[in-house]
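Hi,

Here is the structure I promised to pass on. Have a look, and my notes follow below.

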Amino acid sequence: MSSKLQITANENKNRSASENGPEPSSFMTPTYTVGLNGTFRPLGAWILLAVVLNILLATANGLAGDLTFWVDWSRHLTTTGYANLVANYPPLLMHWLWLIGKFEALFRLAPAPDLLMRFLVNTPVLLAHVALVALLARVLRQKNVTDKQWNMLIGFAALNPALLIDGPIWGQVDVVFCLFVALVLWLLIEGRFLLWVLPLFALAVLTKFQTICVAPVVLPLLRHRRSKALFIGVLPAIAIIALLLLPYWLVGATSSMIDQAYLKASTLYPYATLHADNLWYLLDLDLAHDGTYIFDHLHSAESWQKFFTVKPFGIFLFGAWSLMLLVSSWRVDDTDRHWRNATLCALGFFVWLPGMHERYLLPAVVLALLATAHNWRFFVIAVVLTGITAINLLFIEYLAGGLLPYLVAGCAVLYSLVLIGEKYWARLSWRKWLRAPSWVWAALSLVAWGTALGAHVQRTRPDANGMDATRIDGRRATQEWGALGIGTSVLGNRLSVSNRVFSKGFGTHAASRITLPIPETATTFTSLTGMDDEAFGEAEFSIVVDGQSVWHSGLMKKGDAVHSASVDVRGKRILELVVDPHGVNYGDHADWLEPRFQLKQ
């Protein structure tokens with residue numbers, strides 16, 4: 001018995017040494033100190049997996065409207081500059097879009113709603129996702145957690161569905177400002193590197209106005225952490241603000257930018273909620289005006305009832321919620337309490353205020369992950385918030401015609417491997433390769449990103465025959481049966497019309513409508529049309545440009561030779577490919593073959 005006790009004591013001693021030993025010089029370095037059984041914390045492998053998923057999922061078919069904004073703003077910044085820019089985003093994203101425009105100009109590519117634009121916009125999101133995973137690992141380094149808990153949290157952050165759907169799939173930049181907010185709170189709560197608190201908070205505000213959601217916790221923390229370093233941090237914060245506002249100031253557009261990105265931000269979407277599962281959605285007020293009287297949807301509010309309309313009442317609820325959390329953090333300086341209150345602040349911002357989008361719950365997800373790193377009991381909350389956010393985003397993405405988001409479910413398969421436990425991993429012969437130094441994983445991640453960038457640039461270059469329309473991002477598609485085939489029929493077979501095989505095109509099922517944003521330099525759209533050889537119905541094809549029908553194929557049936565379509569799209573924005581079943585749509589498998597945009601040279 002004494003020998004067993006001695007072995008157990010040695011195990012505990014070795015494990016304690018591995019978890020609480022000297023702090024490495026960089027929190028990007030995997031923590032591999034080996035005790036009796038060793039530790040298995042492959043930070044580099046998790047980060048590489050997050051990078052690869054961000055790269056792959058950036059090829060998803062996101063919302064056309066958002067991608068069109070990125071293109072329009074990048075084009076304006078490249079050609080006109082910051083003068084007369086109409087954009088409701090703060091400066092940091094605008095500067096990144098300016099750099100994207102310069103990059104595309106370097107390769108003689110005009111800004112277009114394609115996969116290259118999606119990939120480039122997603123690059124800061126990828127970096128923020130990686131930094132968030134590394135930050136969690138840095139926090140966990142000082143905590144007494146098992147390898148299984150470590151991998152559960154780090155793996156959950158790397159494969160987090162909410163982060164992956166909001167960022168690479170939808171093409172939003174929310175993860176970036178969430179990272180800045182997380183860093184600010186971490187530095188304040190831990191009371192370290194206070195010099196960087198205000199500069200990071202300034203960057204967060206200059207990335208997204210939604211940063212104010214954590215103000216009720218930041219203010220008490222500033223009081224608790226009173227130090228000269230915080231006051232000195234005012235100077236670099238002012239310098240950052242001045243530097244990022246300088247391009248606007250030089251053209252006299254500073255006040256216009258502040259008005260659009262900040263002052264009018266709360267009135268940009270005058271709705272109770274935009275598909276966000278918050279209080280107003282539960283009250284059946286989705287897409288209702290924020291001036292709606294909440295106790296009676298059918299009648300206008302009297303003057304005394306104005307307080308009980310959605311907007312003022314929602315602001316009151318959030319104000320009361322924030323005051324309660326501010327007092328809680330003000331009275332007691334406790335780490336767990338601050339992280340709990342910060343998460344509740346972000347949650348309350350989403351639940352109570354009107355005009356919320358479904359993705360505005362993301363800050364609460366990120367803060368819940370950081371709270372879990374400090375106290376494991378928050379893990380269930382992080383999982384629940386992630387699930388609610390992911391379901392919201394998947395629902396909207398499904399309406400937009402994107403199918404790739406459902407591949408995010410595959411992350412659960414990879415993540416489940418972590419739950420098998422340390423003993424199983426110890427038996428794997430290739431486990432030692434996961435102990436590679438951090439610079440190896442960083443190099444592999446950089447190679448993956450560079451390879452993807454080169455592929456996107458190459459495929460974006462127009463060839464002699466123009467730009468393949470199936471490569472245009474921002475596509476939206478609706479059809480009465482099945483899923484849109486890209487390079488395949490609606491059943492997933494090769495495209496074949498009248499025994500003639502095609503490698504490129506859309507395979508659809510009538511009735512259907514495929515909406516494509518038109519590249520800026522496009523002059524003509526061409527395509528072949530026909531009923532697939534697997535079909536046994538009939539349909540009519542038509543092309544609609546900016547709402548006006550410009551071409552019809554006439555009724556076509558299986559066995560008919562392909563018809564050729566060519567329409568002028570100069571100066572136009574939206575092209576729609578429509579298939580009408582003309583009555584019964586059973587077996588109406590219709591193909592748009594070799595669809596291309598001819599571009600101005």
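Helices (H or I, at least four residues) and strands (E, at least two) are DSSP runs numbered from the N terminus. Residues are numbered from 1 along each chain as its sequence is written. Note that this is a predicted model, where local features need pLDDT of at least 70, side-chain atom pairs count only at pLDDT 80 or more, and totals for chains, interfaces and linings use all residues, while side-chain values use heavy atoms, without hydrogens and water.

Let's start with aspartate 533, in the loop that links strand 10 (522-531) and strand 11 (538-545). Aspartate 533 is buried (under 20% relative accessible area, with exposed being over 50% and partly exposed in between; 1.4 Å probe, protein chains only). Aspartate 533 makes no salt bridge (a side-chain nitrogen of Lys or Arg within 4 Å of a carboxyl oxygen of Asp or Glu). Lysine 558, the nearest side chain of opposite charge (Lys and Arg positive, Asp and Glu negative; His and chain ends not counted), sits 6.3 Å away. The side chain of aspartate 533 does share a 2.5 Å polar contact with that of serine 496 (N or O atoms within 3.5 Å, one able to donate a hydrogen and the other to accept it; residues adjacent in sequence count only if both atoms are side-chain atoms).

Next, histidine 338 belongs to helix 16 (residues 335-352). Histidine 338 counts as buried because its relative accessibility is 0%. From histidine 338 to proline 220 the C-alpha distance is 9.3 Å, with their positions 118 residues apart in sequence.

Finally, leucine 243 lies in helix 12 (residues 234-250) and is exposed, at 59% relative accessible area.

Cheers
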